[in-house]
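Let's look at a protein model together and ask how its labels are earned. Each answer sets a value against a rule and then draws a conclusion.

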Amino acid sequence: MLCSQRNSESQDRNLIMPSETLTHKDLARMAGVSETTIKSYRKKFPEFFPTHSKGKPLRFHKEAGQVCQTIRRAFQENLSLDEIRFRLSEKFSHLASLHS
């Protein structure tokens, strides 16, 4: 029983992603969309996806996960790109200042 509890805890840690930065793959997993969709979000709303470092793979600040989830929900609500940008600017305006 203890071994199965450890495996469960290990799986939970993998879902939390303790890293300080996230990759496209991490963001896709968190938002429940494909990596291609994440890249599309980045192209549409680049000011809300500041990169943490240069090089490959690109790494993003932890809050990018919340940004992706917000975008996904907004598209599900059939909001326009302008409406989504407004919603993002209300919640994540500080990220735009980090945009490089």
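Here are some questions and answers about this predicted model.

Q: What makes up the secondary structure of the protein chain?
A: The protein chain has five helices and three strands. Along the sequence they follow the pattern α-β-α-α-β-β-α-α.

Q: Why is Asp26 called buried?
A: Buried means under 20% relative accessible area. Asp26 has 14% relative accessibility, so it counts as buried. Across the protein chain, buried residues make up 31% of the 100 residues.

Q: Why is Arg29 called partly exposed?
A: The label partly exposed covers values between the 20% limit for buried and the 50% limit for exposed. Arg29 has 44% relative accessibility, so it is partly exposed.

Q: How do you know that Arg29 and Asp26 meet in a salt bridge?
A: A salt bridge needs a side-chain nitrogen of Lys or Arg within 4 Å of a carboxyl oxygen of Asp or Glu. For Arg29 and Asp26 the N to O value is 3.9 Å, so the pair passes. Both residues lie in helix α2 (residues 24-31), three residues apart, which is about one turn of the helix.

Q: What makes Glu20 and Lys62 a salt bridge, and which parts does the pair tie together?
A: Their N to O value is 3.9 Å, and the rule asks for within 4 Å, so this pair passes too. Glu20 lies in the loop between α1 (2-16) and β1 (21-22), and Lys62 in the loop between β3 (59-61) and α4, so the pair ties together parts that are 42 residues apart in sequence. Glu20 is exposed at 54% relative accessibility, while Lys62 is partly exposed at 45%.

Q: How do you know that Glu77 and Arg87 form a salt bridge?
A: Their side chains meet at 3.1 Å, N to O, and the limit is 4 Å, so the label fits. Glu77 sits in the loop between α4 and α5 and Arg87 in helix α5, so the pair links parts that are ten residues apart in sequence. By this rule the count comes to four salt bridges.

Q: What is notable about the phi of Asn78?
A: Asn78 has a positive phi of about 60°, although it is not a glycine. Most residues other than glycine have a negative phi. Asn78 is placed in the loop between α4 (64-76) and α5 (81-96).

Q: Why is Asn78 called exposed?
A: Exposed means over 50% relative accessible area. Asn78 has 66%, so it is exposed.

Conventions
Residues are numbered from 1 along each chain as its sequence is written. This is a predicted model: local features need pLDDT of at least 70, side-chain atom pairs count only at pLDDT 80 or more; totals for chains, interfaces and linings use all residues. Side-chain values use heavy atoms; hydrogens and water are left out. Helices (H or I, at least four residues) and strands (E, at least two) are DSSP runs, numbered from the N terminus. Buried means under 20% relative accessible area, exposed over 50%, partly exposed in between (1.4 Å probe, protein chains only).
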